[in-house]
Amino acid sequence: MPEKRKNMALVALTCIFLYGFLLWAVIKPVDAQSVSERRPLAAPPAASWDAVFSGKFMTDFEEYALDQFPLRDGLRTVKAITSLYAFRQKDNNGVYMQDGYISKLDYPLDMPSVDYAASRFRYVYEQYMEDKDMAVYLSVIPDKNYYMAEEHSAPALDYAGLTAALRDRLDFARYIDIFPFLELSDYYRTDSHWRQENITDAARYLAGQMGVTLSGGYTQSLAEVPFYGVYYGQAALPLPGEELYCLSSAALEDCRAYDYETRTYIPIYDPEQAEGRDPYAFFLAGPKSLLKIENPNATTGKELILFRDSFGSSIAPLLAEGYASITLVDIRYISPQMLGQFISFTNQDVLFLYSTSVLNNSETIK
Amino acid sequence: MLFSSVTFLFYFLPVVVALYFISPMCLKNGVLLLASLFFYGWGEPRYLAFMLLSITQGYIFGLLIEKYRGKGRTKALLTASVLFSLLLLGYCKYADFFISNFNLATGLSVPLLKIALPVGISFYTFQVISYTVDVYRGTVPAQRNYVDLAAYIAMFPQLVAGPIVRYADIAGQLRDRTHSLSGAAMGVRRFIIGLSKKVLIANQLGALVAVFKESAEPSVLFYWLYAAAYMLHIYFDFSGYSDMAIGLGYVFGFRFPENFDYPYISRSITEFWRRWHISLGAWFRDYLYIPLGGNRVGKPRWLFNIAVVWAATGLWHGAAWNFALWGLLFAALLMMEKLWLSGWLKRHRVISHLYVLFLVMVSFVIFDAESVAAAFSRISAMFGGQAMPVLTVESVYYLKSYLVILALALIGATPLPKKLAALAGKGRYTRVACHIAEPVACLVLLTVCTAYLIDGSFNPFLYFRF
């Protein structure tokens, strides 16, 4: 009798599980995007004879079934917890946690990628700066693995090799080493980026090496919504949100940012963006090909052209105090061939400021 | 369609089970056949024709063999049917292998046919051959109902990766089978265990193998880690699939043969092959080795028979020389054991275990290699034959990261969990606890497997390419 009850329980529970999820999946409204994963979700595929015969319909349906599965985020958390805590795996899909900080494995050093990035920077230099009286600087931002990998016994980039190779290939630029001014606590726990309120010393050093003094005197403001970084969704772990601060100062108060894409002025800090899919877009509206920060209160006529990735969005407002204008160029979104149409290269200072993760995965650079 | 997919688990299976159980007995095989054709067509709509062709010729030749029994034409009919099956398999699986080797030998450049291998063709071809041969031998009567025969050959639980179910074993069940709560519970339990073996162990070890193959920093430790991981991966992948197939069989009232019996506890290669892919070994024994004369011939002929069977076993797994080498390695080992080693192995318990594990591990390195040269290169690297460090940060990291899964796999590859469960079932209180814990544990495993599938990562079945 107990055997029969056990069998009944097993079959009933399994049926409830399978039929319950089937019904739920059928009646559940289709979600357009995953907030935690920051990506659009697959929609129901359209059936046609060609799609079915070629197998495309089936492939698309499998993707749709996975993306739209009920409790998707909760189940991803179950997987992450099982993997990290039950199986004691050191990472979950390459994402690992050390001392409360999350990062993603990125190794080994991809020298062809560094070479490619360097070749594009050199192209920019030769095209627009070579025969001009322009001071060119280079600086590299370490990713979080630089501080976390060893502690986690994880493989990591050869950072010394990366910077040495880049300096060697960009001999026209003076290298500014900001590694000593950064530590793990300068980064968000759940995001790849650095925290603006913690990089003032790095910004001051960088500016000083370029002949500019920053007085500081910042006031710290807290964004109203908690910040969940890019690794939050990837880790799928139940972690608390973080505080997103920005720094303001008298010098920054009158600064304006001009967006060449939309031909409008945009806020330096946009609280609405902090509530969006990519909260780091709070700083200078996130991924933008070409921006110009204008500082009407500048005490100098010096201008800076900053070739940058997303890390540049939060440090540029700090550097703005020392320049009449800073032009931010992201050559992942605009071809370097087109820059001459928008920027007149004369006697500005130029800084190539890139993170190791972009340099080691540079295929997105145009 | 994969068993370990959301589409199968949460769409196909519940719908098919419902349709099956609301249908009257006379329609159940028809429901199974339609479901199986849908299952196969889902992944390979174009290759349904190959399977239907194979089934139809088996059906017709089976009837003809029976009709002309005793009239002297049956051998020709059987030969025609087997040739038809083998030519179809040869065309789909081996044509490019022969052409490329022909080109290599002659210097010609005959263009390759580049035919994508229909999933499961090696399995269903062998089932069709076993049916016609058994009808020819008079072991079973020819099946007059096309739907029943097609349902047997195309039955989705065992269609694409076995076990290779022989018609003789299932003929009675096709017409008359019982469905019970205990059978369904047995099937559900077995299916969930198989799914867990596949998703929680095999897929994870497969991911480790993939990391090794992409590594730019090889080390001796990483090669050993790869070899051990691959050996366990292939076992949990394939035996997990067999468990799911057998479990589904139980749900639909069938009893499929066992395909694995803890092969890694074997103490000789002979024993290993009695425990590994049992249905394939039995097929080659009954339909190739014994017809060749088996061991009831002179010693040279006997050894020749072993070599032929194992070369065929190797090539059954894939049309490449490394598979032939893999089969021939086992042929050589089996010959050595039969001629000299078996007594010695029986006397040395520990060494015999290590001997099997080591040789099987090396054999799977050959099995997994892209070419014979790559196989030797990997084996050489395992023994420090190539200039590389003993260990790297990466290899130590992945060893630590997969240590628990490797340990679980090692324990799971032995009968220890089964013995512990049996022991728990004997105690008065532990038996009660087991009755409560078992359904809960199955539900937890199903939930965790679903979570792993939703997270989506490494999920192919190795044996789908055979």
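In the predicted model, the contact between chain A and chain B involves 41 residues of chain A and 42 residues of chain B. On chain A, four helices each contribute at least two residues to the side that touches chain B: α1 (2-27), α2 (49-54), α3 (56-67) and α4 (72-86). Of these, α1(A) provides the largest share, amounting to 16 residues. When the side of chain A that touches chain B is sorted by residue class, 25 residues are nonpolar, seven are polar and nine are charged.

A further contact is found within chain B, which is divided into domain 1, spanning 13-177, and domain 2, spanning 183-454. The centres of domain 1 of chain B and domain 2 of chain B, taken over C-alpha atoms, are separated by 26 Å. Their contact draws 22 residues from domain 1 of chain B and 20 residues from domain 2 of chain B.

On the side of domain 1 of chain B that touches domain 2 of chain B, the elements giving two or more residues are α1 (6-22), α4 (74-106), α5 (121-137), α7 (156-159) and α8 (167-175) of chain B. The greatest contribution to this side comes from α5(B), which gives five residues. By class, the side of domain 1 of chain B that touches domain 2 of chain B is made up of 14 nonpolar, five polar and three charged residues.

Methods:
Residues are numbered from 1 along each chain as its sequence is written. Chains are lettered from A and ligands numbered from 1 in the order in which they are written. This is a predicted model: local features need pLDDT of at least 70, side-chain atom pairs count only at pLDDT 80 or more; totals for chains, interfaces and linings use all residues. Two residues are in contact if their C-beta atoms, placed from the backbone, lie within 7 Å. Ala, Val, Leu, Ile, Met, Phe, Trp, Tyr, Cys and Pro count as nonpolar, Asp, Glu, Lys and Arg as charged, and the others, Gly among them, as polar. Domain bounds come from an automatic or database domain assignment.
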